[in-house]
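Welcome! Open the structure in your viewer and work through the exercises below before reading each solution.

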Amino acid sequence: MSAIRKLLPAERGQYQAHLLRLDAADRYARFTGTVSDATIVKHCESLDWTRTTLVGVFDRGELRGAVELCFDRLLWPGAAELAISVEKGLQGRRVGSTLVRRSLSIAANRGIRRVHMMCLADNTRMRALSRRFGGTMEREGGEFAITFDLPRPSQFSLALEAFEDGAGAMNAVLDGLPALLKAA
């Protein structure tokens, strides 16, 4: 059973393990370049949880895909940056779509008007995903700069985020239930 929910700062290690499991091609796509294990470790250690929201998909309790949504009200007032990674076993199963939809909703609910994302020119899945959510693409060399213009938050969008947070928390509890029962 898969659960999609926000990550807690205490789950930084799971995010790091997920990024380290990405194969060379998926790492290259996620970071728009070649990165070493040490670079990934440093990236995860330097996450500022006051300006970063991580939304992840957990499969049997293990993080297998994530969106990193970064806000910096001083550098980018009213804007955020998004980066996504999904492990091979879940690619092509609309996991990326669900993660992007959730993160765009979260950003809009925080008053963010625009979300930016970079994608390599040959990353057809990300380009299709950006079109699905109304992103505009501008080619810059071998990359596309993608921009999503977001609506203002509504009572419905705020309620939906609260509902999805509650469902994610319940799924996390249910995911850990077999281990609790085994220990009892």
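Here are five exercises, each with a worked solution.

This is a predicted model, where local features need pLDDT of at least 70, side-chain atom pairs count only at pLDDT 80 or more, and totals for chains, interfaces and linings use all residues. Residues are numbered from 1 along each chain as its sequence is written, and side-chain values use heavy atoms, with hydrogens and water left out.

**Exercise 1. Describe how helix α1 and helix α2 pack.**

Step 1: find the elements. Helices (H or I, at least four residues) and strands (E, at least two) are DSSP runs, numbered from the N terminus; α1 covers residues 12-21 and α2 covers residues 24-31.

Step 2: take the geometry. The axes lie 8 Å apart, at an angle of about 120°. Axes are lines fitted to C-alpha atoms, for helices over the stretch in contact, and angles run from 0 to 180 degrees between N-to-C directions.

Step 3: classify. Angles under 35 degrees count as roughly parallel, over 145 as roughly antiparallel, 65 to 115 as roughly perpendicular and the rest as oblique, so α1 and α2 are oblique to each other.

Step 4: list the contacts (heavy atoms within 4.5 Å). From α1, Tyr15, Leu19 and Leu20 meet Arg27, Arg30 and Phe31 of α2.

**Exercise 2. Place Arg30 in its surroundings.**

Step 1: Arg30 belongs to helix α2. Its relative accessibility is 10%, so Arg30 counts as buried (buried means under 20% relative accessible area, exposed over 50%, partly exposed in between, with a 1.4 Å probe and protein chains only).

Step 2: look for a side-chain partner. Arg30 and Glu68 are joined through their side chains by a polar contact of 2.8 Å. Such a contact is a pair of N or O atoms within 3.5 Å; within protein, one must be able to donate a hydrogen and the other to accept it, and residues adjacent in sequence count only if both atoms are side-chain atoms.

Step 3: beyond four places in sequence, the contacts of Arg30 include Tyr15, His43, Ala83 and Ser85.

**Exercise 3. Is Thr52 buried or exposed, and what does its side chain reach?**

Step 1: Thr52, in strand β2, has 7% relative accessibility and therefore counts as buried.

Step 2: the side chain of Thr52 reaches the backbone oxygen of Asp48 at 3.0 Å.

Step 3: leaving aside neighbours within four places in sequence, Thr52 is in contact with Leu47, Glu68, Leu69 and Cys70.

**Exercise 4. Which residues touch the most other members of the largest nonpolar core?**

Step 1: apply the criterion. A nonpolar core is a set of buried Ala, Val, Leu, Ile, Met, Phe, Trp, Tyr and Cys residues joined through side-chain atoms within 4.5 Å.

Step 2: among the 29 residues of this core, the answer is Leu69, Leu99, Val115 and Leu150.

Step 3: α4 (95-109) is one of the elements that give two or more residues to this core, and α4 gives the most, with seven residues.

Step 4: apart from this core lies another, of 14 residues, including Trp49 and Leu63.

**Exercise 5. What sign does phi have at Arg60 and Arg94?**

Step 1: recall the background. Most residues other than glycine have a negative phi.

Step 2: read the angles. Phi is positive in both cases, near 55° for Arg60 and near 70° for Arg94.

Step 3: locate them. Arg60 lies in the loop between β2 and β3 and counts as exposed at 70% relative accessibility. Arg94 lies in the loop between β4 and α4 and counts as exposed at 54%.
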